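Reader: Could you take me through the aromatic rings in this model? I would like a close look at how they pair and what lies over them.

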Amino acid sequence: MSDARPAAPATPLLDPASLTAMLRPRSVAIVGASNDPTRIGGRPLRYYRENGFPGAIYPINPNRDEIQGLKAYPDLASLPEAPDLVLVAIPAAAVVATAEQAAAKGARAMVIFSSGFAEMEDGDGPAMQARLGEIARESGMRIAGPNCLGVFNAAIGHYCTFTASFDLGGFPHEGGIAIVSQSGAYGSHMATLAREKGLGTTYWMTTGNECDVQVADCIAFLADQPDVDVIGCYIEGVVDAARLTAALQYAHDRRKPVVVMKVGRSAVGAAAAQSHTASLAGADRVYDSVFRRYGALRVETTEEMLDVAYACTKRTFPTGRKLGIVTISGGGGVVLADAATAAGLEVPPMPADAQRRLKEILPFAAVRNPVDITAQAFNDMSLVTKNVETMLAEGGYDLIVNFFTSVPRSKVINARLRPAMQEAARKFPGRLQVMCMISTPEMTREYEADGYLVFEDPHRAVKALAALCSFGEAFARPPRAAPPALPAGALPAPAGMVDEREAKRILAAAGIPTVEDRLARSAAEAAAAARAFAGPVVLKISSPDILHKTEVGGVAIGLADPDAVAAAFTAMTARVAAARPQARIEGALVSPMIADGVECIMGVTVDPAFGPVVLFGLGGIFVEVLKDVTLRVAPFSAAEAAEMIREVKGFPLLDGARGKPRADVAALADALARLSVFAAANADRIDSIDVNPILVRPAGQGVVAVDALFVPRQS
């Protein structure tokens, strides 16, 4: 099922309670109700009746007096009351009039199955969808769709959907997992897999074309529900980014984990090659940054989403990443240790004294971590109790994985293993443990009842545990500090292309330190400027028409004396004039050569959904080849900028790697934060900004931007 989301109006405030009538209706009207329970208009009515929905159900069909045993009504106006929810399953041409009638009747919510709206590139579809959005805003009636697969609330038998997935396998189990999807078909796929895995999914919501209700609204509603442990989302794209980030923050504040499968990995603007920053900051990187900033977890596969959602139902989110491993297999322990390290978990050794005592119990066991109690445990289950209990009591571990392979499938052995595990965990209620094992569904449920998460595959187990740690760290973070204020003397971003000198003047006024320079219009002036700086200098062509100076031979570095600078000026201006005869050449900039800094890049690009985004990376190979960069949506504080800096893989070069002095990371964070504030204030004037390079000097000596480029917004 395709969908389309046209440009949204100004972001409204989140109103989670406004979706109550959609998910907990006291009465439902079905416009286009069918007597055939296999048709789109007949399935929901059948589902309601089979599941004992307690509210009133009003089939609407002017051609029948009775539908599936219930009295039918010719239209909404003839109903004895205003229904909480109106379900629409009629051709697109009649939907707008039906929405107007529903609003006039006083309905509080509407779900539209009908297609033929903005997903169609021509015809009346886009205009009809726009009108539906207007009706929602004017009346306050919340509308899901059009072109959606509906919603359900399994707790009350509310199945406002025509999915056929219930025909095989039955209806969902109630539980703490909620699913939100822009795609109806894929949302149904996720819910079906959850049911097949025995996972409880009470709430399910699809948004289709999103004329009104968006994924963000669903996240906010679900974050308020006490019976929701975790929210799983399938997202293809976002129009109203501010609403999404507000919803993610809302869920974070309520300690409700959000797991996101964001599909559609594409660049923001592959044609924006004139800006280095724009070529590095793809839309997919921006989404990664947004999810990380607001504590949501992005996953790659449906299996991973369901694994993480299952783990989240324990509502335990460690703030540490230390993993203890108990195993009856040396190989299994190695697999778990490798997988844990790859997932970002730590596998520290047991304390020396604890290792000694465990060795005394079983001399040939491995007791460091993983703790391998070997198959001897089958002969003496007290070994299981003692080893697990010691690890829980003395290891200092945040998480424990117990690897027992297929042993629990033996009813004889499991009859002794389970009590041994229960005894070990008795003194440590609430401690998060995993049983990594192959067992029967009945045995799995027994261990889950004992408080364990149960996984068959070690890699999936540790990835799910790492996800819980990510949520724990996000929930434990203090509130974000406010961004710095824009300086009183700040200048606006330029309306047209400007040369490097003017670009650096604008940055300096925004509070970002820039290198001193002098504009030379002749070889003699260039030599005089070099004498004034009294040391090696850099010479760069100055022109608002030349964005990349190195491409035309417009940069010379390490010029040691005035005569060399004069000669370089003459050669450079002639070379550039020949290469770019139409360019306005104002002369050349002379700047002191700074040799004691780590070269970095920071910049700004404007994402279509999220607005100005700040990029940071180390210079040279790290950004050119490895694309080792990190992003944040502007604006943000210096504290958040410091987190951002530490995310790049090359951070050790700033932190004193190989005996080098530590760089002034605090000054760099301040510069990034100030760039973010400037970008946010000039969002409507810029296309991109490059500050490349910015040199980060040794601690206490600050940073200095040595080159800058502004690309203005094209009207």
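Author: Happy to; what follows is a walk through the ring pairs and the charges that sit over rings. Please keep in mind that this is a predicted model.

Across the whole structure, a search finds 21 aromatic pairs. One of them joins Tyr-203 and Phe-221 in an edge-to-face arrangement, with 6.2 Å from centre to centre and 80° between the planes. Tyr-203 belongs to strand β11 (residues 201-206) and Phe-221 to helix α6 (residues 215-223), so this pair ties together parts that are 18 residues apart in sequence. Both Tyr-203 and Phe-221 are buried.

A second pair, Tyr-287 with Phe-291, has its ring centres 6.0 Å apart; its planes meet at 40°, so the pair counts as tilted rather than edge-to-face, a label that needs over 60 degrees. Here the two partners sit in one helix, α9, four residues apart, and about one helical turn separates them. In general, an α-helix has 3.6 residues a turn, so residues three or four places apart point the same way. Tyr-287 and Phe-291 are both buried.

Tyr-287 has another neighbour to look at: Lys-262 lies over the face of its ring, 4.5 Å from the ring centre. Elsewhere, Arg-518 places its charged end over the ring of Phe-533, at 5.6 Å from the centre.

Helix α9 (283-293) also turns up in the surroundings of helix α21, since it is among the elements that cover the buried residues of α21. Those buried residues are Glu-640, Ala-641, Ala-642, Met-644 and Ile-645.

Finally, do look at the cluster in which ring pairs link Tyr-47, Phe-152, Tyr-159, Phe-166, Phe-171 and Trp-204.

Technical notes:
Residues numbered from 1 in each chain as written. Predicted model: local features only at pLDDT ≥ 70, side-chain atom pairs only at ≥ 80, totals over all residues. Heavy atoms only, no water. Buried < 20%, exposed > 50% of the residue type's maximum accessible area, 1.4 Å probe, protein only. Helix = DSSP H or I, 4+ residues; strand = E, 2+ residues; numbered from the N terminus. Contact = heavy atoms within 4.5 Å. Phe/Tyr/Trp six-rings, centres within 6.5 Å; stacked < 30°, edge-to-face > 60°. Lys NZ or Arg CZ within 6 Å of the ring centre and 35° of its normal.
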